[in-house]
Amino acid sequence: MKKAIKILGMFMLTFFIISSVSSCSDDDDPVNNDFFAGTYKGSVSFVDGDTNISTSDGSVFVTKIASGTKYNFAFSNSIPDLNGVEFQQQGDHTLVMVGASATTYIRIDNNDLKILYIKDGKTWTANCTR
């Protein structure tokens, strides 16, 4: 009996892992999903005083947090993360940062991520796709 339960448990774990991995597709829309996690690849940069990090082969891992309107952005290349940025929906499939202006904005949809974010003398940029 213990062996049957162990086998059933392994089967359930394998099924869960396979279904979790296959459900994370590039077609996921950050606007319409309660949970969203996706990696965008392209040019990223960060400037803070003498620190200047820039690459055309970077990435940003985007996650939607529990509030439903806030997102976290984890950058590659030792660029500091942006966390808890609030968004509002614009159009059918696009999110724009609350308080966006001509000099500070984050725009995200299921294919593109554009960032020009300036705060406390620090500047983050990204021009990425998935």
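Here is a walk through this predicted model, from the overall layout down to single residues.

Let's start with the big picture. The protein has one helix and eight strands. If you follow the chain along its sequence, the pattern reads α-β-β-β-β-β-β-β-β. There are 130 residues, and 32% of them are buried. The accessible surface adds up to about 8,100 Å², and carbon and sulfur atoms account for 54% of that. Now take the contacts between residues with a separation of 6 or more: 40% of these join residues that are 24 or more positions apart.

Next, zoom in on strand β1, which covers residues 37-48. Which strands does β1 join? One is β2 (residues 51-64): the two run antiparallel and share 11 bridges. To find your place in this pairing, look for Thr39, which stands opposite Phe61 of β2. The two strands make a hairpin with two residues between them, and Gly49 in the turn has a positive phi of about 60°. Strand β1 also pairs with β8 (residues 122-129), again antiparallel, through eight bridges. Here a handy landmark is Ser45, which sits opposite Thr125 of β8.

A couple of residues in β1 show what this pairing looks like up close. Ala37 belongs to β1. Along the sequence, Ala37 and Thr63 are 26 residues apart, yet their C-alpha atoms are 4.4 Å apart in space. Setting aside residues up to four places away in sequence, Ala37 touches Phe61, Val62 and Thr63. Lys41 is in β1 too. Is Lys41 buried or exposed? Its relative accessibility is 57%, and anything over 50% counts as exposed, so Lys41 falls in the exposed group. Beyond residues up to four places away in sequence, Lys41 touches Gly58, Ser59, Cys128 and Thr129. Two of these can be placed using the strand ranges: Gly58 falls within β2, and Cys128 falls within β8. The C-alpha atoms of Lys41 and Phe61 are 8.8 Å apart, with their positions 20 residues apart in sequence.

It helps to keep one general idea in mind here: side chains in a regular strand alternate between the two faces of the sheet.

Now for the inside. The largest nonpolar core has 22 residues, and those touching the most other members are Val60, Val62, Phe73, Phe75, Ile106, Leu113 and Ile115. Many strands chip in: β1, β2, β3 (70-75), β4 (82-89), β6 (105-108), β7 (112-119) and β8 each supply at least two residues of this core. Ile115 is a good one to click on. Not counting its neighbours within four places in sequence, Ile115 is in contact with Phe73, Phe75, Tyr105, Ile106, Trp124, Thr125 and Ala126.

Trp124 leads us to the aromatic rings. How many aromatic pairs does the whole structure hold? A search turns up two. In one of them, the rings of Phe46 and Trp124 have centres 5.1 Å apart and planes at 55°, so this pair is tilted. Phe46 is in β1 and Trp124 is in β8, so the pair ties together parts that are 78 residues apart in sequence. Both Phe46 and Trp124 are buried. In the other, the ring centres of Tyr117 and Trp124 are 5.7 Å apart with planes at 65°, so this pair is edge-to-face. Tyr117 is buried as well. Together, the ring pairs link Phe46, Tyr117 and Trp124 into a cluster.

Over in strand β3 you'll find Asn72. A polar atom of the Asn72 side chain lies 2.8 Å from the backbone nitrogen of Gly84. Leaving out neighbours within four places in sequence, the contacts of Asn72 include Phe61, Val62, Leu82 and Gly84.

Finally, take a look at two loops. Most residues other than glycine have a negative phi, and most peptide bonds are trans. Asn77 has a positive phi, near 60°, although it isn't a glycine. You'll find Asn77 in the loop between β3 and β4, and with a relative accessible area of 37% it is partly exposed. Asp120 has a positive phi as well, near 55°. This residue is in the loop between β7 and β8, and at 68% relative accessibility Asp120 counts as exposed.

Definitions and conventions: Residues are numbered from 1 along each chain as its sequence is written. This is a predicted model: local features need pLDDT of at least 70, side-chain atom pairs count only at pLDDT 80 or more; totals for chains, interfaces and linings use all residues. Side-chain values use heavy atoms; hydrogens and water are left out. Two strands pair if DSSP finds at least two bridges between them. Helices (H or I, at least four residues) and strands (E, at least two) are DSSP runs, numbered from the N terminus. A nonpolar core is a set of buried Ala, Val, Leu, Ile, Met, Phe, Trp, Tyr and Cys residues joined through side-chain atoms within 4.5 Å. Buried means under 20% relative accessible area, exposed over 50%, partly exposed in between (1.4 Å probe, protein chains only). Contact means heavy atoms within 4.5 Å. Accessible areas come from the Shrake-Rupley method with a 1.4 Å probe; for residues, only the protein chains shown count as cover. Rings of Phe, Tyr and Trp (its six-membered ring) pair if their centres lie within 6.5 Å; planes under 30 degrees apart count as stacked, over 60 as edge-to-face and the rest as tilted. A polar contact is a pair of N or O atoms within 3.5 Å; within protein, one must be able to donate a hydrogen and the other to accept it, and residues adjacent in sequence count only if both atoms are side-chain atoms.
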